[in-house]
Amino acid sequence: MDPEIAALAGTAGTTLVTLLATDTWHSVRDRVVALWQRARPDRAPAVAAELDVTRAELLGARAAGDEAVEAEMGAEWQGRIRRLLTAHPELAGELRTLLAELAPDAAVAPTVTQHATASGQAHVYQAGRDMRISGADGS
């Protein structure tokens with residue numbers, strides 16, 4: 001599985017479910033359904049209905065104080081979106097744009113690729129963010 005698609009699907013699934021409980025849910029639903037419409041027009045009506053059911057169940061779970069349901073729904077939609085992107089990777093850019101427009105605070109991580117080669121007694125240190133290396137003397 002492509003790690004970039006998996007990360008994007010994870011962010012999208014969580015963000016989608018969160019946004020379904022907001023006042024913008026109609027717009028969110030319509031834009032997500034549009035993704036399916038382009039890739040799998042036969043599935044688009046079913047996806048719209050599934051999003052409506054997800055919203056109703058989410059609102060009911062929130063009213064009952066059941067926080068686990070939201071995480072489960074996020075995971076379900078993550079899987080659906082991952083499968084869509086795996087079959088249609090050309091939609092990844094459109095999904096990123098959608099997330100940026102609908103949830104600008106959602107952290108869509110950039111792709112980071114690191115390569116290193118060490119030989120002999122060399123050491124390689126790589127980090128995707130901050131790194132602190134202390135010597136033997138504690139400095």
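Me: Leaving aside its neighbours within four places in sequence, which residues is His-88 in contact with?

Reply: In this predicted model, His-88 is in contact with Ala-39 and Arg-40, once neighbours within four places in sequence are left aside. His-88 itself lies in the loop between α4 and α5.

Me: Why does His-88 count as buried?

Reply: The relative accessibility of His-88 is 19%. Buried means under 20%, and His-88 therefore counts as buried.

Me: What is the secondary structure of the chain, in helices and strands?

Reply: The chain has 5 helices and 0 strands. Along the sequence they give the pattern α-α-α-α-α. Buried residues make up 31% of the 139 residues. Of the contacts with a separation of 6 or more, 66% are between residues 24 or more positions apart.

Me: How do you know that Glu-101 forms a salt bridge with Arg-31?

Reply: The closest N and O atoms of Glu-101 and Arg-31 are 2.5 Å apart. The rule asks for a side-chain nitrogen of Lys or Arg within 4 Å of a carboxyl oxygen of Asp or Glu, so the pair qualifies. The pair links distant parts of the chain: Glu-101 belongs to helix α5 (residues 92-102) and Arg-31 to helix α2 (residues 25-39), 70 residues apart.

Me: Why are Glu-101 and Arg-31 called partly exposed?

Reply: Glu-101 has a relative accessible area of 49%, and Arg-31 has a relative accessibility of 30%. Partly exposed covers the values between the buried limit of 20% and the exposed limit of 50%. Both residues therefore carry that label.

Me: What makes Glu-94 and Arg-38 a pair that ties together parts of the chain?

Reply: Glu-94 forms a salt bridge with Arg-38, with the closest N and O atoms 2.0 Å apart. Glu-94 lies in helix α5 and Arg-38 in helix α2, so the pair joins parts that are 56 residues apart in sequence. Glu-94 counts as partly exposed, at 29% relative accessibility.

Me: Which side chains meet Arg-40 in a salt bridge?

Reply: The side chain of Asp-42 meets that of Arg-40, at 3.1 Å from N to O. With the limit at 4 Å, this distance therefore satisfies the rule. The labels of the two residues follow from their areas: Arg-40, at 35%, is partly exposed, whereas Asp-42, at 57%, is exposed because the limit is over 50%.

Me: How many salt bridges does this rule give?

Reply: The count comes to 9 salt bridges. Among the residues involved, Arg-29, Asp-30 and Asp-52 are linked in a network.

Me: How do you know that the span of helix α3 agrees with its number of residues?

Reply: Helix α3 (residues 44-64) has 21 residues and should span 30 Å at 1.5 Å a residue. The C-alpha atoms at its ends are 30 Å apart, and therefore the two values agree.

Me: Which residues in α3 are buried?

Reply: The buried residues of α3 are Ala-44, Val-47, Ala-48, Leu-51, Thr-54, Arg-55, Leu-58 and Ala-61. They cover an arc of only 150° around the axis, which puts them on the same side of α3. They pack against α1 (3-20), α2 and α4 (67-87). The face turned away from this buried side carries the exposed residues Pro-45, Ala-56, Ala-63 and Ala-64. Gly-65 follows α3 and has a positive phi, near 75°.

Me: Why is the aromatic pair of Trp-36 and Trp-77 called edge-to-face?

Reply: The ring centres of Trp-36 and Trp-77 are 6.2 Å apart, with 85° between the planes. Centres within 6.5 Å make a pair and planes over 60 degrees apart count as edge-to-face, so both conditions are met. Trp-36 lies in helix α2 and Trp-77 in helix α4, so the pair ties together parts that are 41 residues apart in sequence. Both Trp-36 and Trp-77 are buried. The structure holds 1 aromatic pair.

Me: Where does Arg-80 lie relative to the face of Trp-77?

Reply: Arg-80 lies over the face of Trp-77, at 4.3 Å from the ring centre. The distance limit for such a placement is 6 Å, and the value of 4.3 Å therefore falls within it. Arg-80 is in helix α4 and touches Trp-36 and Glu-50, residues up to four places away in sequence not being counted. The C-alpha atoms of Arg-80 and Gly-13 are separated by 8.3 Å, although the two residues are 67 residues apart along the chain.

Me: What makes Arg-80 count as partly exposed?

Reply: Arg-80 has 23% relative accessibility. Buried requires under 20% and exposed over 50%, and Arg-80 therefore counts as partly exposed.

Note on methods
Residues are numbered from 1 along each chain as its sequence is written. This is a predicted model: local features need pLDDT of at least 70, side-chain atom pairs count only at pLDDT 80 or more; totals for chains, interfaces and linings use all residues. Side-chain values use heavy atoms; hydrogens and water are left out. Helices (H or I, at least four residues) and strands (E, at least two) are DSSP runs, numbered from the N terminus. Buried means under 20% relative accessible area, exposed over 50%, partly exposed in between (1.4 Å probe, protein chains only). The expected span of a helix is 1.5 Å times one less than its number of residues. The arc is that of the directions from the helix axis to the C-beta atoms. Contact means heavy atoms within 4.5 Å. Rings of Phe, Tyr and Trp (its six-membered ring) pair if their centres lie within 6.5 Å; planes under 30 degrees apart count as stacked, over 60 as edge-to-face and the rest as tilted. A charge sits over a ring if NZ of Lys or CZ of Arg is within 6 Å of the ring centre and within 35 degrees of the ring normal.
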